[in-house]
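Student: I should like to examine one part of this model closely. Could you please take me through the strands and how they pair?

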Amino acid sequence: MQSAVDAVFKLGLLVLLALFLYLYHELGDVGRYGYVRDGELEYVVDSKTGIVYQGGYSMNHLTGQEGKPKK
């Protein structure tokens, strides 16, 4: 009887851990955009795509491709 209760308890802990990891993964995009300030310069960095935005322009720092805002 004791081992059955212990097994159910451990199984419950594994289910809670799996649920926590699933929710952490699904809600992980909350801090996607980071604000960086270096003296007078201000940037917004998209940590998922690697694109840096500054003053209406963007640059992918992984490929070096620049872009202007579309009007």
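Tutor: What follows is an account of the sheet, beginning with its overall order and then turning to individual strands. The model is a predicted one. Its strands make an open sheet of five, arranged in the order β1-β2-β3-β4-β5 with antiparallel pairing. At the edges of this sheet stand β1 and β5 (66-67), each of which pairs on one side only.

Consider the edge strand β1, which covers residues 33-38. Of its six residues, the number buried is zero, so β1 lies largely in the open; the cut-off for buried is under 20% relative accessible area. The partner of β1 is strand β2 (residues 41-46), and the two run antiparallel, joined over six bridges. Within this pairing, V36 has Y43 of β2 as its bridge partner. The connection between β1 and β2 is a hairpin with two residues between the strands. In that turn, G39 adopts a positive phi of about 65°.

Strand β2 also pairs with strand β3 (residues 51-54), in the antiparallel sense and over three bridges. Here V44 stands opposite Y53 in β3.

Outside the sheet, helix α1 spans residues 2-26 and includes Y22. Y22 also contributes to a nonpolar surface patch of about 740 Å². The other residues of this patch are F9, L13, L16, L19, L23 and L27.

Terms used
Residues are numbered from 1 along each chain as its sequence is written. This is a predicted model: local features need pLDDT of at least 70, side-chain atom pairs count only at pLDDT 80 or more; totals for chains, interfaces and linings use all residues. Side-chain values use heavy atoms; hydrogens and water are left out. Patches are made of residues with over 30% relative accessible area and no salt bridge: like charges are joined within 9 Å, nonpolar side chains (Val, Leu, Ile, Met, Phe, Trp, Tyr) within 5 Å. Accessible areas come from the Shrake-Rupley method with a 1.4 Å probe; for residues, only the protein chains shown count as cover. A salt bridge is a side-chain nitrogen of Lys or Arg within 4 Å of a carboxyl oxygen of Asp or Glu. Helices (H or I, at least four residues) and strands (E, at least two) are DSSP runs, numbered from the N terminus. Buried means under 20% relative accessible area, exposed over 50%, partly exposed in between (1.4 Å probe, protein chains only). Two strands pair if DSSP finds at least two bridges between them.
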